[in-house]
Amino acid sequence: MKSINKILSNKASPIIISGPCSAESEEQLLQTAMALKALNKVDVLRAGIWKPRTKPGSFEGVGLEALKWLQKAKEATGLKTAIEVANTQHVEEALKYDVDVLWIGARTTVNPFVVQEIADALHGTDATVLIKNPINPDLQLWEGAIERFAKVGISKIGAIHRGFSKYGDSYYRNPPQWQIPIELMQHYPDLTMICDPSHICGKRDNLLAVAQKAMDLDFDGLMIEAHLDPDNALSDALQQITPQTLNKFVNQLVVRKTKLSPTLTTELDKIRRSINVLDGELLDVLSKRMELINELAQYKKENNIQILQPKRWEEILLKALEEAKEKGLSERFIRNLFTEIHIESIKLQSKIMNEEN
Ligand code: PEP
Ligand code: MN
């Protein structure tokens, strides 16, 4: 398996992939490409050519013809190009038309058969492949798709976090569930990570906040849909922004990429050492608390007292929340923390009290 290294950029600023959700006409694509190029911030022009739609009847993309437009846009602007490929025929056409980056859509990543076919079709090429997370929150499936490409010898691999499907109402079109891409980064520290705030948000509100969060979590770049006339876009109209808005967004992003100097490292280490001491103390306290729970359980068992005493639990929580408020700790945090501690102590008590003598 080839190793996975950072791709697409080694500059300090984030990689920006932008362009319309779908290529709609030659004029639209060329003009969008020029407007994006003029911002001097965009690295790759994206455009959907074949669109995976939830239900039939909506705009399914222009298809093959749009690849010629994309090639023209590439010649006119010098921008790299990116499209979604969902089967081997798409791959063949993309390679024929010199597309620089192929991305695997969320609905394709879920299917290991198709992912393997696409990977096999790319065997022996120098393709750059970005793999979107599967629509369901399954880290293993996402990693599996990445590994299938690495296994056929593709080394220019990255991942796109576009959020995960949900049932029912939610603020997000696809809630981000940040812990999943964070775990992916921990497993593959050199994997290029792109965040797609457009498909996470599904609307224009909050795009910037999601993009900023991605920067704070050390993502390498962003894929943001841009359209000259977003309200009249043929797909994903609610979430697209104009190139001008994209410019404003990118200017507003705070990217903290300061390289650690010896002085900064010494200062950080000082604070981190104190934190480590406190973490040790926290663990000591928790361990002592569990010893007491052990004692308590023995006593309850001998005296035939019930494990859960709701009144007592209510008292503990109220007292903790009151103290937390005085100490400036968030209510949600302390409630969650104490609930976890309580669950663990009930588990331990049940184990002890239900054990055979
Ligand atoms: C897209 O990028 O336009 C798209 C269809 O994305 P996803 O696969 O994330 O739904
Ligand atoms: Mn889209």
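Analyst: A donor, in the sense used here, is an N, O or S atom within 2.8 Å of the metal, the limit being 3.2 Å for Na, K and Ca. The structure is a predicted model, and the term is applied below to its manganese ion.

User: What makes Cys21, His199, Glu225 and Asp236 donors of the manganese ion (ligand 2)?

Analyst: Their atoms SG of Cys21, NE2 of His199, OE of Glu225 and OD of Asp236 lie 2.1 to 2.4 Å from the manganese ion, and because the limit for such a metal is 2.8 Å, they count as donors. Along the chain these donors follow the spacing C-x177-H-x25-E-x10-D. The pair His199 and Asp236 links distant parts of the chain, 37 residues apart, with His199 in helix α8 (residues 197-201) and Asp236 in the loop between β8 (221-225) and α10 (243-252).

User: Why is His199 called buried, and why is Asp236 called buried?

Analyst: The term buried requires a relative accessible area under 20%. His199 has a relative accessibility of 9% and therefore counts as buried, while Asp236, at 16%, also falls under that limit and so counts as buried.

User: What is said of the phi of Asp236?

Analyst: Asp236 has a positive phi of about 50°, although it is not a glycine. This calls for comment because most residues other than glycine have a negative phi. Asp218 is a further case, with a positive phi of about 70° although it is not a glycine either, and it is found in the loop between α9 (207-216) and β8. At 48% relative accessibility Asp218 lies between the limits of 20% and 50%, and therefore counts as partly exposed.

User: Which side chains does a polar contact join to that of Gln239?

Analyst: A polar contact of 2.7 Å joins the side chains of Gln239 and Arg173, and another, of 3.0 Å, joins those of Gln239 and Asp236. Both values are within the limit of 3.5 Å, so they meet the distance part of the definition. Gln239 has its place in the loop between β8 and α10, and with a relative accessible area of 1% it is under the 20% limit and therefore buried.

User: How do you know where an oxygen atom of ligand 1 lies with respect to the side chains of Lys51, Lys132 and Arg162?

Analyst: The computed distances give the answer: an oxygen atom of ligand 1 is 2.8 Å from an N or O atom in the side chain of Lys51, a polar side-chain atom of Lys132 lies 2.8 Å from an oxygen atom of the ligand, and for an N or O atom in the side chain of Arg162 the distance is 2.6 Å. Taken alone, ligand 1 exposes 290 Å², of which the protein buries 97%.

User: How many residues of the shell around ligand 1 are charged?

Analyst: Seven residues of the shell are charged, with three nonpolar and two polar ones beside them. The residues around ligand 1 include Arg46, Glu84, Trp103 and Gly105, and among them are also Cys21, His199 and Glu225, three residues that act as donors of the manganese ion.

User: What does the chain as a whole look like, in terms of helices, strands and domains?

Analyst: The chain has 13 helices and eight strands, and its domain assignment gives domain 1 (5-252) and domain 2 (262-353), whose centres, taken over C-alpha atoms, are 43 Å apart. The C-alpha trace spans about 80 × 50 × 40 Å along its principal axes, and buried residues make up 43% of the 357 residues.

Methods:
Residues numbered from 1 in each chain as written. Chains lettered and ligands numbered in written order. Heavy atoms only, no water. Near = heavy atom within 4 Å. Polar contact = N/O pair within 3.5 Å; in protein donor to acceptor, adjacent residues only side chain to side chain. Areas by Shrake-Rupley, 256 points an atom, 1.4 Å probe, with all protein chains shown as cover. Nonpolar A, V, L, I, M, F, W, Y, C, P; charged D, E, K, R; others polar. Domains from an automatic or database assignment. Helix = DSSP H or I, 4+ residues; strand = E, 2+ residues; numbered from the N terminus. Buried < 20%, exposed > 50% of the residue type's maximum accessible area, 1.4 Å probe, protein only.
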